[in-house]
Amino acid sequence: MEYLKVIAFTHKQIELKELGRLVICQENLTEKLNQVKSQFGISEIFYLATCNRVEFVMITPKVVDRDFAGRFVNAMEMGLCPVSTGTFLDAASIYEGRDALVHLLRTSCSMESLIVGEKEILAQLRKAYENCKEAGLTGDGLRMFMNCIVKTAKEVYTNTNISKNPISVVSLAYRKLRSYHLTLNERILIIGAGETNRNISKYLQKHKFSNFAVFNRTVEKAAELAADLNGEAYALDALKDYKKGFDVIITCTSAVEPIITPEIYTTLLNGETSRKTIVDLAVPNDTDPEVLKQFPVNFIEVHSLNELAKRNLQERYEELTHAEAIITENINLFCLELKQRKIELAMRQVPEKIKEIRNTAINSVFAEEVQNMDKESRETLEKVINYMEKKYISVPMIMAKDILVNNN
């Protein structure tokens, strides 16, 4: 446990756009990690890089402090100038021993993430480890730690509500939209081609919706989003003449006045009278209040979604206490497992020693007596010795583990 060390650069101390400067090209990552592994006396290492963090997890008896971290980062040749390197090192977090394990467990459970409860970090952590394992950079030590990390994270996600409800406005809007039981061929008008509408379009595309028309002030941007969706692109002004009908409108623009007026809405309906759905994620709303008064509409707006997002986030933070309890329990179990592993390693020579004693007894000390025995007697002696050998190997191991468990 005391040899587990972590050098972490995270969103808590470093701006996200700056973290990208620490990301190492995958092409020469293994070569660089092998180099620092040899240079700094590191027995095992793996490298984790996500949009929220860049971390180096290692097993080493060396003291990992600011000086070590500085020499380590320079050896990784990240292309940073001395001033930038100093700035990053000042913002780095260094963990060792139990604190390092706690950090990794909290990270895998998304408790250290920018968005508490996002499950992607566990998959990213596992992939980073597996990549370095395949490259021969890790061994039995990190294997045991990763088993504990994965087991703990799964328990937290299963037994708490830390990731239960979505907290982004886009995911909440999409969940609400799906609650209306739409068919996959619904006619969907997307007004605005900014980031919000792009994000909700990804959900729609993922779930195989296919009938899109995109409207935007800049036609080129409308065309880009429409190309991603295999839909049609129009200028925003074309709304007033659009006659192909619709089932859902998703709108988010920076307009200060309503875009969907009663007149525009009437044109868009093109004589249809059924209830439609509007997802309005603009602030202020793109939908004129009169539209909601005059027509039957399922209306999803950003204000109500924001309130729900805040409640969901608060519920997630309330689950942190439960997650901490699961982490503590797993650390205690892991510490016991580590002690048992030490006993196994310390006693792994017992079988060989007992076999040596057996061979010496039969072939040297009692060789003459054994030779004078008849065949049946020698077979019986062989059975007795085999039985005793197995017991002398297993009993000390069991007793040592029992003593360890009882003392804990």
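This passage walks through a predicted model, from its helices to an open sheet and two buried residues.

The model is predicted, and local features need pLDDT of at least 70, side-chain atom pairs count only at pLDDT 80 or more, and totals for chains, interfaces and linings use all residues. Residues are numbered from 1 along each chain as its sequence is written, and side-chain values use heavy atoms, with hydrogens and water left out.

A good place to begin is helix 3, which spans residues 66–75; helices (H or I, at least four residues) and strands (E, at least two) are DSSP runs, numbered from the N terminus. Its buried residues are Phe68, Ala69, Gly70, Phe72, Val73 and Ala75, where buried means under 20% relative accessible area, exposed over 50%, and partly exposed in between (1.4 Å probe, protein chains only). These residues pack against strand 1 (4–10), helix 2 (29–39), strand 2 (44–49), strand 3 (53–59), helix 4 (82–91) and strand 4 (93–96), with contact defined as heavy atoms within 4.5 Å. At the start of helix 3, a side-chain oxygen of aspartate 65 comes to within 3.2 Å of the backbone nitrogen of aspartate 67. Just beyond the other end, glutamate 77 has a positive phi of about 50 degrees.

Next come two helices that cross. Helix 5 (residues 98–108) and helix 6 (residues 120–134) have axes that come within 8 Å and cross at roughly 125 degrees; axes are lines fitted to C-alpha atoms, for helices over the stretch in contact, and angles run from 0 to 180 degrees between N-to-C directions. Helix 5 is therefore oblique to helix 6, since angles under 35 degrees count as roughly parallel, over 145 as roughly antiparallel, 65 to 115 as roughly perpendicular and the rest as oblique. Where they meet, helix 5 offers Leu104, Thr107 and Ser108, and helix 6 offers Ile121, Leu122 and Leu125.

Tyrosine 157, in helix 7 (residues 140–159), has neighbours in both of those helices, including Ser108, Ile121 and Leu122. With a relative accessible area of 10%, tyrosine 157 counts as buried. A polar atom of its side chain lies 3.0 Å from the backbone oxygen of serine 108 and 3.4 Å from that of glutamate 118. Tyrosine 157 is 47 residues from serine 110 in sequence, yet their C-alpha atoms are 9.4 Å apart in space.

Turning to the sheet, six strands form an open arrangement in the order 7-6-5-8-9-10, with parallel pairing; two strands pair if DSSP finds at least two bridges between them. Strand 7 (232–235) and strand 10 (297–301) each have a single partner strand, so one side of each has no neighbour in the sheet. From one strand to the next, the twist averages 15 degrees. Strand 9 (residues 276–280) is joined to strand 10 by five bridges, and aspartate 280 stands opposite glutamate 301 in strand 10. Helix 11 (residues 262–269) lies across strand 5 (188–191), strand 8, strand 9 and strand 10, at about 135 degrees to strand 9.

Within this sheet, threonine 251 belongs to strand 8 (residues 248–251). Threonine 251 is buried, because its relative accessible area is 0%. Leaving aside neighbours within four places in sequence, its contacts include Ile191, Asp280 and Asp286. The side chains of threonine 251 and aspartate 286 are joined by a polar contact of 2.7 Å, that is, a pair of N or O atoms within 3.5 Å; within protein, one must be able to donate a hydrogen and the other to accept it, and residues adjacent in sequence count only if both atoms are side-chain atoms.
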